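Me: Could you walk me through this structure, one question at a time?

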Amino acid sequence: MSRYFFYFMSISMLIHTILIVPRDHMNARYDGAILSFLIGPAIGGVLVYAYTRSLSKFKGKGLPEIAAERLPKALSLPLVLGAGLMSFIAGGMAWIHCAFIISKYLNPDMSPYALLILFVIVTCAGAVQTSKTVLFSTEIIYIVCVPLLVVLLIHGLFSKSMNYDSVKVMLDYTWVMPSWSSLSAATNTFAGYMALSVFNRTFPADKQIKHLWLIPAVGLILELFSFFIPIGFHGTDGVDDYIYTWVSTVDAFRMKYLLIERVVSIYLLILLVVTYVFTMITWHVGAELVTGAFRIRPPKKASLRTQLPRLAVCVLIGIGTVIAGARFDETTLFKASSFWMGIRMPLDVLIVFAVVLLSRWRLKA
Amino acid sequence: MKPFDLHAAIPGLMHSGDLVSRGLNIDEESVQLVYLSSLCDKQYLQSSIMQAFGDSSDRADFKNRLSLIPGYEQVQSGDAAVQKLLRGYALVLFPDAICAIESAKASTSKPLDATMESILQGPQYAFSEDIATNVQIIRTRYPSKELRVEYSVIGTVSQTSLAILYDASKVDPDVLLELDERLSKIDAEVVQASNQVQMLLTDRYHLLPTGLVTDRPDRTVLNLSQGKVILLLNGTPFSINLPAVFFDFLDSMEDVYQYPWLMRPLQALRYIGACITMTLPALYVAFVSYNPEFFRAQLAIEIAGSRAAVPYASYYEVFLMLFLTEALTEASIRLPKHIGSTATTVGGLILGEAAQQAGLVSSIMIIIASSVAISNFVIPINTMSYAVRVAKFPLIILAMYFGLVGIVTGIFCFVLYAASLRSFGKPYLKLFSGEAKRSR
């Protein structure tokens, strides 16, 4: 089962590196973005390692059960509730970004809010499924989509328009101390491990998750790609002219012999379905954590009645997402997501620290 | 001598036209023979009961001789006796007891040709319509001491007999438990078809089938060896295989019989076919009405050019052509075989040329309609091909409103829905489920 861990980790890394993070890194490209690629995976790797190892001591239990067991209610409630809300916000953020991109490039006649409403409804339907259903569908979509994305990446890497001189120029700015926002953006790429607080229930207890070193390695490569390919295509200063750097970069790819000439169309559809999976996971985790904070445990067999509290939470957050999407424009959205990542990193560290402590403590009498 | 009280012995059956009731007398003592002439074998009655009667000297002797006949049982009067009569038993009424002797006519049902899932080189015969023959077929093909056969009845009125077969060493006991529970909940009056049993066993409002209905004994035996539970319903030449997952419905038996390198591409073809038949009409709507810029310019102009004569939006075209192809498929299933060829000829004329020349649909739409139909036919199991036929319409509606985004959403929902199904506790759509390959 531990392969599922890598699925949702890498889905989360993909979404962050292509949807949310690049803008922050592009803004900070002369101010230590590159060094943050080295520090970020290091911090992220340590957090992933600490979180998986301490959760593996709790057999088949999620964060709500662990917190309820070992902490007084005054502490466990804010911890679990906070973790759940963070997961919800991460998913909602991704949807608002995605709705803006899709309405800009794919459905220009359609208002982003109509799209956002569709996305949110489907995500709610996905999030209230059982954890296993979420993992199974994640696996299928992962296996279908990710190879295509990798092909696109490689295609971009060897494209003639890729100018490696700009990349070399950027390397001059390697040893600049990173700013908080670019560091937190680089670290947030690895935030997918938070999903383990729910999916730990479905993992068999006796098996440790192996090959954890893959995660910082892959994350590092993805971050470098998502940073240097746009710079290679647009030039060191040119990247500043685009809002969604990655999408504009992929729009410059051209497949000569494909029926579909502009690669960006395929890319956007894959991005959309990967975002569906990402938000389904985050909202599922959010719903389980928020309801779990109020001692509602997942039933053996899911039916509409047993999933009603989760659905209610998801619908509330969904309405919130649509309203937030209507309030934001692109400038405020990027500011908000950068601000959000800035405060999310210490919160993540706090939660991981709490769980590590809980796993070390003996069960209170 | 007091006459037998038939009313008390077999309540409700007195007025049946085919009820034969004869008094047999031995030295002042009498017994009554009752049977349904439509169900019982008269030759057999003659050679068993009448023979015994002729040889016996008194009533007690007759009773002893009857008890030596195979298929002899003592029953209570009332409903139990009526049930026996209705199953082709002959009853001999003694003053103090009722003896039932099995004398049903031998079934005339023979194995039929396998028509639902044809394969080129492999077993060619299907099941028969008789449950005993079917059990016999499976017993011969799977001579294992672990094979268990249990009988039960289903349908409050039809009382159709149902055989439950499984390999005791391989079956998952949870599946059996759940099957028992669900069988006991069925309260349908008349049950006559395997697909009906499958529907009654699973949720009525599922889109995708979660039990596999097949007429191939070899597929049934393969499933048996994989630890699945087989249901055989009397009166249908089909078996129901439980649990069944999504991938089972796209497997042909030939995949097992041929070299993998020959069959893998064909398997891939089937999956591609299933994808095409589901998404192609929706993709057409999305490409024509929403995102013509997706294709390279020549292709986009080509499509637009072929639509030049069409006076309405693309989804009218799609619905018109899909309605015609679906109606044609439906007509060729329902029509008597002799008229069936007429339907295809007439339909082919309309679909082929006339609709396009009249400017009602574009020529590309005709290609799409026919490829949708053909791709649908490559799905080996009929229930799944029905499901896929239905599933393409929500996709078209999503494409009408949201274009390509809608299609991706629809596919995501389909995957999610299929992954959320469980067939008797087994995940319906799960990759790498690690099914035993030894049986292949």
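The turns below go through the cores, the interface, one helix, two residues and the domains.

Me: Before we start, what kind of model is this, and which atoms count in side-chain values?

Reply: Residues are numbered from 1 along each chain as its sequence is written, while chains are lettered from A and ligands numbered from 1 in the order in which they are written. This is a predicted model in which local features need pLDDT of at least 70, side-chain atom pairs count only at pLDDT 80 or more, and totals for chains, interfaces and linings use all residues, and side-chain values leave out hydrogens and water and use heavy atoms.

Me: Which helix of chain A gives the most to the largest nonpolar core?

Reply: A nonpolar core is a set of buried Ala, Val, Leu, Ile, Met, Phe, Trp, Tyr and Cys residues joined through side-chain atoms within 4.5 Å. Buried means under 20% relative accessible area, exposed over 50%, and partly exposed in between (1.4 Å probe, protein chains only). The largest such core has 180 residues, and Phe5(A), Tyr51(A) and Phe119(A) have the most contacts inside it. Helices (H or I, at least four residues) are DSSP runs numbered from the N terminus, and the one giving the most, with 21 residues, is α13 (residues 263-293) of chain A.

Me: Between which domains of chain B does this core lie?

Reply: Domain bounds come from an automatic or database domain assignment, which for chain B gives domain 1 (6-102), domain 2 (131-244) and domain 3 (258-427). Two of these domains both give residues to the core, so it lies between domain 2 and domain 3 of chain B.

Me: How many residues does the second, separate core have?

Reply: This core is separate from the largest one and includes Ile154(B), Ile186(B), Val197(B) and Phe424(B). Its size is 21 residues.

Me: Which helix gives the most to the side of chain A that touches chain B?

Reply: With contact meaning heavy atoms within 4.5 Å, 40 residues of chain A are in contact with 27 residues of chain B. The buried area (accessible area, 1.4 Å probe, that two parts lose on being put together, summed over both) is about 2,800 Å², and carbon and sulfur atoms give 73% of it. On the chain A side, α1 (3-20), α6 (112-127), α7 (131-157) and α13 each supply at least two residues. The one that gives the most, with 8 residues, is α7(A).

Me: Is helix α8 of chain B enclosed or exposed?

Reply: This helix spans residues 217-225, and its buried residues include Pro217(B), Arg219(B) and Leu224(B). Since 9 of its 9 residues are buried, α8(B) is largely enclosed by the rest of the structure.

Me: Which backbone nitrogen does the side chain of Ser12(A) reach?

Reply: Ser12(A) sits in helix α1 of chain A and counts as buried at 3% relative accessibility. Apart from neighbours within four places in sequence, Ser12(A) has contacts with Thr189(A), Ala191(A), Gly192(A) and Phe278(A). Its side chain reaches, at 3.3 Å, the backbone nitrogen of Gly192(A).

Me: Is Thr344(B) buried or partly exposed?

Reply: Thr344(B) is found in helix α13 (residues 337-357) of chain B. Leaving aside neighbours within four places in sequence, Thr344(B) is in contact with Leu328(B) and Ser332(B). Its relative accessible area is 40%, so Thr344(B) is partly exposed.

Me: How far apart are the C-alpha centres of domain 1 and domain 3 of chain B?

Reply: The two domains cover residues 6-102 and 258-427. Their C-alpha centres lie apart by 62 Å.

Technical notes:
Polar contact = N/O pair within 3.5 Å; in protein donor to acceptor, adjacent residues only side chain to side chain.
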